[in-house]
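I sat down with this one today to see how its ligands are held. Here are my notes, in the order I looked things up.

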Amino acid sequence: MDANIFDFYQIDDFLSEEEKMIRHEVKKFVDQEIMPNISQWHIDGHFPKHLIKQFAELGLLGSSIQGYDCPGLSYTAYGVIMQEIERADSGLRSFTSVQSSLCMYPIFKFATEEIKKQYLPKMAKGELIGCFGLTEPDYGSNPSGMLTRAKKEGSHYILNGNKMWITNGDIADLAIVWAKGDDNKIIGLVVDKDLPGFKTQTIDKKYSLRASNTSELIFENCKVPASHVLDVKGLKGPFSCLNMARYGISWGSIGAAQACFEEALNYSKTRIQFDKPIAGFQLVQAKLVKMFTEITKMQLLSWRLGGLLDRSQWIPQQISMAKMNNVSNALEIARNCRDILGANGITHEYHVGRHMMNLESVNTYEGTEDIHRLILGQYITGLPAFS
Ligand code: TGC
Ligand code: FAD
């Protein structure tokens, strides 16, 4: 295979030297520190906490935030970082997405100057870890129905409710929690983990994203200082964070798809059946060509979207298209690659099976594939079909 097969449409020509250098550094780190161990971490259901400091040293936490000891990189750079991490594992990319887009971003965008100074530099150094609580046991695709309440009492909010399926929940030092305030409008709060009345419960019997921590957050009369409330009301608060994370996922899923494709291509060239490599059969080539073409289209979508974000010329529906298309295709690619590996594809000797199971979650979280389809349906017809 040509070493440059993943630059078939020469998108590299449009990346800056800094963006290419970052991609190179993250790839080197991923190959050395993550790839030799990731299968075992996945089998053990272990999130490798020791990597956090190294992520921070590489400038991967809050990478596109300006100031507060954050790297201030372009959105395109953030995208290539996500791609390289998810080449190894969607669960590790999840950790980074949540820390950067779902926790540091809302603090940067909506918190007071004092809170920004208190949290952002430590979060960029990996000394404080965040999680993001929007989903509830009974409200996933439809967060507007959430039951969690934040009742104002003097200089505090009293938080009650449950958040479900929360990435980083158990390992987090703080949570960005979305709840209904006294006027029934959704507000966001920066909630320290050590506050009385805040508990977490790990969800460990997962077959997907096993190298990522997923938890329930439980709030029972948790007293949060009013200074920790974010300056935004309504669902546009959490959705503006989701825009950034969904964009990153569109790149991340390219990394997972490339990893699967590379493994299946190499396997097909050495696996002999009916006296020749299976790569020599037309049906196998058709699968490989389809995947190669889809990966190239996915790259074009995310690269262009990155440019639009860098120039502040984007709309959320463009992000929905990239998240929906890229994750859905990455999942399809992982399933096809698993098929090309035959029985070997279900073992941990290879990576395709793990990517395939991980991408099932990625296709569900941050808006399911069908929710993004409906967002785009509303955009082109003007008719909402959510309910
Ligand atoms: P709707 O009436 O459409 O909108 C309510 C308000 O929000 C505004 N808005 C947005 N603002 C910024 N960016 C966006 N993308 C926005 N989309 C909507 C909108 O303008 C309105 O503002 P205002 O001022 O008028 O109040 O809301 P709806 O209740 O009808 O919901 C529509 C729907 C279904 C599309 C939405 O609820 C949705 O996207 N559902 C999916 C839920 C979701 O994505 N959950 C993600 C949870 S977090 C997670 O999964 C993290 S995984 C992390 C990891 O491990 O990587
Ligand atoms: P549901 O909303 O119940 O959807 C079930 C099915 O119904 C889906 O196929 C969906 O597309 C379909 N459906 C729903 N409504 C419609 C409709 N109107 N029309 C057509 N079809 C519809 N959340 C957080 O807040 N923070 C996190 O950190 C976080 N991390 C996660 C980590 C993992 C590993 C997972 C799996 C989830 C995580 N989530 C997190 C939750 C995630 O965002 C939700 O799972 C997701 O939004 C879908 O909600 P749900 O699971 O309740 O599914």
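**Notebook: two ligands and two odd loop residues**

I began with a backbone contact: a polar backbone atom of phenylalanine 386 is 2.8 Å from a nitrogen atom of ligand 2. I am keeping in mind that this is a predicted model.

**Ligand 2**

Next I checked how much of ligand 2 the protein covers, and found 66% of the 980 Å² of accessible area that the ligand has on its own.

Phenylalanine 386 is not alone in offering a contact. I found a backbone N or O atom of phenylalanine 132 at 2.8 Å from a nitrogen atom of ligand 2. With threonine 368 the side chain takes part: one of its polar atoms lies 2.7 Å from an oxygen atom of ligand 2.

Then I listed the neighbours. I get 17 residues around ligand 2, and the closest are Thr135, Ser141, Trp165, Thr368 and Phe386. Sorted by class, I have eight nonpolar, seven polar and two charged residues in this shell.

Which pocket does ligand 2 take up? I looked, and the space taken by ligand 2 is the largest pocket. I then asked which elements give two or more residues to its shell, and noted β5 (156–167), α10 (352–364) and α11 (369–381). Of the elements, β5 gives the most, with three residues.

I also looked at the domains. Domain 2 (130–233) and domain 3 (236–381) each supply at least three residues to the shell around ligand 2.

**Ligand 1**

I moved on to ligand 1 and counted 26 residues around it. The closest are Ser141, Thr167, Asn243, Arg246 and Glu366. I recognised Ser141 from my earlier list, as it is also among the closest residues to ligand 2.

How does serine 141 meet a nitrogen atom of ligand 1? I see that a backbone N or O atom of serine 141 lies 2.9 Å from that nitrogen. Side chains contribute too: an N or O atom in the side chain of threonine 167 is 2.8 Å from an oxygen atom of ligand 1. For arginine 93, I noted a polar side-chain atom 3.4 Å from an oxygen atom of ligand 1.

I followed this with the cover: the protein hides 69% of the 1,200 Å² of accessible area that ligand 1 has on its own.

Ligand 1, I found, sits in the largest pocket. The elements giving two or more residues to its shell are α5 (90–110), α7 (236–270) and α11. I had already met α11 in the list for ligand 2.

By class, I split the shell around ligand 1 into 13 nonpolar, nine polar and four charged residues.

**Two backbone angles**

Last, I looked at phi. Tyrosine 68 is not a glycine, yet I find a positive phi of about 55 degrees there. I placed tyrosine 68 in the loop between β1 (66–67) and β2 (70–71).

Leucine 209 also caught my eye, with a positive phi near 50 degrees in a residue other than glycine. Where is leucine 209 found? I traced it to the loop between β8 (198–202) and β9 (214–225).

Key: Residues are numbered from 1 along each chain as its sequence is written. Chains are lettered from A and ligands numbered from 1 in the order in which they are written. This is a predicted model: local features need pLDDT of at least 70, side-chain atom pairs count only at pLDDT 80 or more; totals for chains, interfaces and linings use all residues. Side-chain values use heavy atoms; hydrogens and water are left out. A residue is near a molecule or strand if one of its heavy atoms lies within 4 Å of it. A polar contact is a pair of N or O atoms within 3.5 Å; within protein, one must be able to donate a hydrogen and the other to accept it, and residues adjacent in sequence count only if both atoms are side-chain atoms. Accessible areas come from the Shrake-Rupley method with a 1.4 Å probe; for residues, only the protein chains shown count as cover. On a 1 Å grid over the protein atoms alone, a cavity is a set of points where a 1.4 Å probe fits but cannot get out, and a pocket is an open set with protein on both sides within 12 Å along at least five of seven lines; lining residues have an atom within 4 Å of a point. A molecule sits in a cavity or pocket if more than half of its atoms lie within 2 Å of its grid points. Helices (H or I, at least four residues) and strands (E, at least two) are DSSP runs, numbered from the N terminus. Ala, Val, Leu, Ile, Met, Phe, Trp, Tyr, Cys and Pro count as nonpolar, Asp, Glu, Lys and Arg as charged, and the others, Gly among them, as polar. Domain bounds come from an automatic or database domain assignment.
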